[in-house]
Amino acid sequence: MTTVNVFGVDIDTRHYINGQRVAAKDTYKNTSPIDGSFLGEFARGDAADADLAVKAAKAAFPEWANMGPQKRGELLFKLADLIEENIEVLANIETLDNGSLLRSHRRGVMPRVAMNIRFFADWAINQLHHEPFETRGHTNNVSWDPSGVAVLITPWNAPLMLATWKIGPALAAGDTVVLKPAEWTPLTASFFADLTKKAGIPDGVFNVVFGFGREAGAALTAHPEISRISFTGSVPTAKIIAHAAADNLTPVSFELGGKSPLVVLEDADLDLAATLAVEQYDNAGQVCLSGTRILVHESVADEFAQKFAEKAAALKQGDPRDEDTDIGPQIHQVHFDRIKGFVDRAKDEGANIVMGGGPNSDLGGLYFKPTLVKDPTPGSEIVTQEIFGPVLAMQTFSNDEQALEMANGTEFGLAAVVVSGDREHAKKITDKLVAGTIWVNCFFVRDLRAPFGGSRKSGIGRDGGTWSFDFYADVKNTVFSPNGWKE
Ligand code: ADP
């Protein structure tokens, strides 16, 4: 079988290389986190498949690069239109594959997927320029040249969303692409490949290799003929990829994990603070940006905790396809066990678990109850390590200095949330926080023109607007002399 029928749509389970479907020697089984149902035997890519895809992308590169932003843009706009026409299919197959809420996929994620493609195509046409620098009569012209083959390695928590953050700017910059989606979530990448074909993107410009990270992913990232690696995933995997990239000095862009703080200052609107804190359970906590360490000023801690408990109690856990579900299942048994391991070890150490703390036995399967640990031991793994599940830790502080020390006291620096009723106070805190993105009295809103990425161990590089092109393109400075001209 080379296709699997999901939500009434035939999804091809083979690689997409040079505009063709290519079978692998081996396959692996993909299942739904909702109920374990079968979602296809997908190609399990190996080094030969990776090589074939890179060679195809390399062969397609000159034509795509020479096409220029305007003509590439026409094809990418068509692709964005096709995504918009297929939002219902994309939303449903993504939910079946990764268990995230259907309502979010429909209303937020998939429209944004189309936007990721449209935005970067438009940016390359209309925004990607720099005013010339003049030096002693010489003119320095900055340009962004296509770099070659970009290998994109993506995770399972927001599969098509995170893939298109990379695909959009890479293709708009004139690079060709080999995407390796996460092994647990191959469906939307396959459907997306068909859309690129329909949009008229030339064969070889966009390729997908399915399979495991340590096999297909390792072969792609170690390939000597690629020009860029963009990776979103965990810190340990990033280290392995950095080693693979080092041999060829391939530039990397990494968006990694976090253990972000959500700081509730004493002047905060506590209703808003509690709402924002409960939002950290979104996507069953499988969000790298989540503010999983809730730091509250001691003077408002009790009132905040009460409001939080009321709001958290109202969360409905269940089938992610139901409109009123707030929290769905975890992605996979392996990941579920990892989350449970963190919580079980915290229990063994006597942690004060005031909410949740284990599997939701009413639902069974991969449903883990939203969990809150109060006053965990400083330095314990529940407050230092990324759990990537619905597990929050709440701690108190007595002044701004202590709040900052706690907020910045991890090896990460991806995001932070600050809740305050006083602009100057909020600014005093945000000025000193180490994080790529800080939300003040809000969460998750982001303009694609703005930079996105992590400090410290949370990443290397920034996405968004021109920052994305600075990575995918070869940035060039051409200096024109005032002398030597024949006119
Ligand atoms: P998680 O552990 O949460 O699945 P990973 O960072 O391991 O997160 O996975 C993110 C992506 O990285 C997936 O597409 C996965 O297949 C890929 N990956 C894992 N290991 C490697 C590797 N050694 N080389 C390249 N890619 C890898």
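Which residue in β17 does M355 stand opposite? In the predicted model examined here, the residue opposite M355 is L372 in β17. This position belongs to an open sheet, which is described below before the ligand site is considered.

The sheet is formed by 7 strands, arranged in the order β16-β17-β18-β15-β14-β19-β20, and the pairing within the sheet is mixed. β16 (352-355) and β20 (437-440) occupy the edges; each has a single partner strand, so that one side of each remains without a neighbour in the sheet. From one strand to the next, the twist averages 25°.

At one edge, β16 pairs with strand β17 (residues 371-374) in the antiparallel sense, over 3 bridges. The pairing of M355 with L372 places these two residues opposite each other across the β16 and β17 strands. β17 in turn pairs with strand β18 (residues 391-397), here in the parallel sense and over 4 bridges. Within this second pairing, K374 stands opposite M394 in β18. β17 thus takes part in an antiparallel pairing with β16 and in a parallel pairing with β18. In a regular strand, side chains alternate between the two faces of the sheet.

At the other edge, strand β19 (residues 415-419) and β20 pair in the parallel sense over 4 bridges. V418 has V440 of β20 as its bridge partner. The edge strand β20 has a single partner strand, and the pairing with β19 is parallel.

The ligand is surrounded by 17 residues, of which T154, K180, E183, S234 and T237 come nearest. Polar atoms of the protein also approach the ligand from both side chain and backbone. A polar side-chain atom of W156 lies 3.1 Å from an oxygen atom of the ligand. For G213, a polar backbone atom is placed 3.2 Å from an oxygen atom of the ligand. In the case of A218, a polar backbone atom lies 3.5 Å from a nitrogen atom of the ligand. On its own, the ligand has 540 Å² of accessible area, and the protein covers 80% of this area.

With respect to annotation, an unreviewed UniProt entry lists residues 25-477 as "domain: Aldehyde dehydrogenase". In the model, the span of residues 25-477 is 42% helix and 19% strand, and the C-alpha atoms at its ends lie 46 Å apart.

Methods:
Residues are numbered from 1 along each chain as its sequence is written. This is a predicted model: local features need pLDDT of at least 70, side-chain atom pairs count only at pLDDT 80 or more; totals for chains, interfaces and linings use all residues. Side-chain values use heavy atoms; hydrogens and water are left out. UniProt positions are given in the numbering used here, feature names are shortened, and annotations may be inferred rather than shown by experiment. Two strands pair if DSSP finds at least two bridges between them. Axes are lines fitted to C-alpha atoms, for helices over the stretch in contact, and angles run from 0 to 180 degrees between N-to-C directions. A residue is near a molecule or strand if one of its heavy atoms lies within 4 Å of it. A polar contact is a pair of N or O atoms within 3.5 Å; within protein, one must be able to donate a hydrogen and the other to accept it, and residues adjacent in sequence count only if both atoms are side-chain atoms. Accessible areas come from the Shrake-Rupley method with a 1.4 Å probe; for residues, only the protein chains shown count as cover.
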